[in-house]
Amino acid sequence: MDMSFYTAAVGAQQQQRRLDVHGNNIANVNTDGFLAKRPSFKALMNDFMTGAEGAQLPRGTGSYMIGADTSFRQSATPETGRALDYAIEGDGFFALWDPTTGEYTYSRDGSFTMSSFQREVPPLEGGGDDVGGPEMETIWYLSDGLGRFVLSDEGRLIEVTDPEADLPVGIYDFINTNGMLSSGDNTVSPVDKNGQVMRGTGKLLKGCLQVSNTDLANEFVKVIESQRSFSYALRMMQTSDEITTTVNNLR
């Protein structure tokens, strides 16, 4: 089989992956705090071939998508009038802690709510024997509504007694944000190259939400490019197959 067939097959497959990235960006155009992805490609090299005067020339087999980098471009932060909505103007993330797994994730989505938590009330000194079991009280913490609690600027849970009050919501950041992993539910997780978490320099905005930074016009252009590239790769596969069939019939 001619190498052009495999090159075209790889190209068609990678263009499909590119379409998946842009399709996901378009699907989240109305998701608060969503950070769009940008696919990155790299050339595939098979080996070297001998060219004119014995020069060694690289011979590749197309390209492949090495990943989808997150775009941290600042988007608009319109007012919502809701007391528990927060946005970040500038760099930084909200930190979220999952009590079931102990995992810390980070997000630009500040559409928070309150989640209840049952806490045992310490017995009073000299109160006698507790025959009815420990007394429990309900307290409310700031959360993302999905079971994760928001951390304050001191790295603690934020108890909410008055939703209208200014809460000490923390802003956290990393020296290098490139390559952060998507953790689902509009959150990201750091990797080794991102470095240690530190205090963010962004400004906290109350009663606002950051809209998705998806550029819809740009995404549609990229979708058209991917579709055209995909169709060209399929045509190349068909042509390569026809050439191989013709050569085999000459034998």
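**Exercise 1. Is Phe5 buried, partly exposed or exposed, judged by its relative accessibility?**

Solution. The structure is a predicted model, and every value below is computed from it. Phe5 has a relative accessibility of 21%. The buried class ends under 20% and the exposed class begins over 50%. Phe5 therefore counts as partly exposed.

**Exercise 2. Classify the ring pair formed by Phe5 and Tyr6, and describe the exposure of Tyr6.**

Solution. A pair of aromatic rings is described by the distance of the centres and the angle of the planes. A search of the whole structure yields six aromatic pairs. In the pair of Phe5 and Tyr6, the ring centres are 5.9 Å apart and the planes stand at 90°. Planes over 60 degrees apart count as edge-to-face, so the pair of Phe5 and Tyr6 is edge-to-face. Tyr6 has a relative accessible area of 45% and is partly exposed.

**Exercise 3. Characterise the pair of Tyr86 and Phe112 by geometry, position and burial.**

Solution. Begin with the geometry: the centres of the two rings are 6.4 Å apart, with 35° between the planes, and the pair is tilted. Next, place the residues in the chain. Tyr86 belongs to strand S3 (residues 86-89), while Phe112 sits in the loop between strand S5 (104-107) and strand S6 (113-120). With their positions 26 residues apart, the pair links distant parts of the chain. As to burial, Tyr86 and Phe112 are both buried. Finally, ring pairs join Tyr86 and Phe112 with Phe94 in a cluster.

**Exercise 4. Compare the backbone and exposure of Asp185 and Asn186.**

Solution. Asp185 lies in the loop between strand S10 (181-184) and strand S11 (187-189), and Asn186 is located in the loop between S10 and S11. Phi is positive at Asp185, near 55°, although the residue is not glycine. Asn186, likewise a residue other than glycine, has a positive phi near 65°. The relative accessible area of Asp185 is 55%, which makes this residue exposed. For Asn186 the relative accessibility is 22%, and the residue counts as partly exposed.

**Exercise 5. Determine how the length of helix H2 relates to its expected span, and identify what its buried residues pack against.**

Solution. Helix H2 covers residues 216-249, a total of 34 residues. From first to last C-alpha, H2 reaches 50 Å, close to the 50 Å expected at 1.5 Å a residue. The buried residues in H2 are Glu219, Val223, Ser226, Ala233, Met237, Ser240 and Thr244. An α-helix has 3.6 residues a turn, so residues three or four places apart point the same way. The buried residues of H2 pack against helix H1 (3-27).

**Exercise 6. Describe the surroundings of Arg18.**

Solution. Arg18 is part of helix H1. Its relative accessible area is 11%, so Arg18 is buried. Setting aside neighbours within four places in sequence, Arg18 contacts Pro39, Phe41, Met65, Lys222, Glu225 and Ser226. Of these partners, Ser226 is also among the buried residues of H2.

**Exercise 7. Summarise the protein as a whole in terms of secondary structure, burial, contacts and surface.**

Solution. The secondary structure consists of two helices and 13 strands. Of the 251 residues, 33% are buried. Among contacts with a separation of 6 or more, 65% are between residues 24 or more positions apart. The accessible surface is about 15,100 Å², and carbon and sulfur atoms contribute 52% of this area.

Methods:
Residues are numbered from 1 along each chain as its sequence is written. This is a predicted model: local features need pLDDT of at least 70, side-chain atom pairs count only at pLDDT 80 or more; totals for chains, interfaces and linings use all residues. Side-chain values use heavy atoms; hydrogens and water are left out. Rings of Phe, Tyr and Trp (its six-membered ring) pair if their centres lie within 6.5 Å; planes under 30 degrees apart count as stacked, over 60 as edge-to-face and the rest as tilted. Buried means under 20% relative accessible area, exposed over 50%, partly exposed in between (1.4 Å probe, protein chains only). Helices (H or I, at least four residues) and strands (E, at least two) are DSSP runs, numbered from the N terminus. Contact means heavy atoms within 4.5 Å. Accessible areas come from the Shrake-Rupley method with a 1.4 Å probe; for residues, only the protein chains shown count as cover. The expected span of a helix is 1.5 Å times one less than its number of residues.
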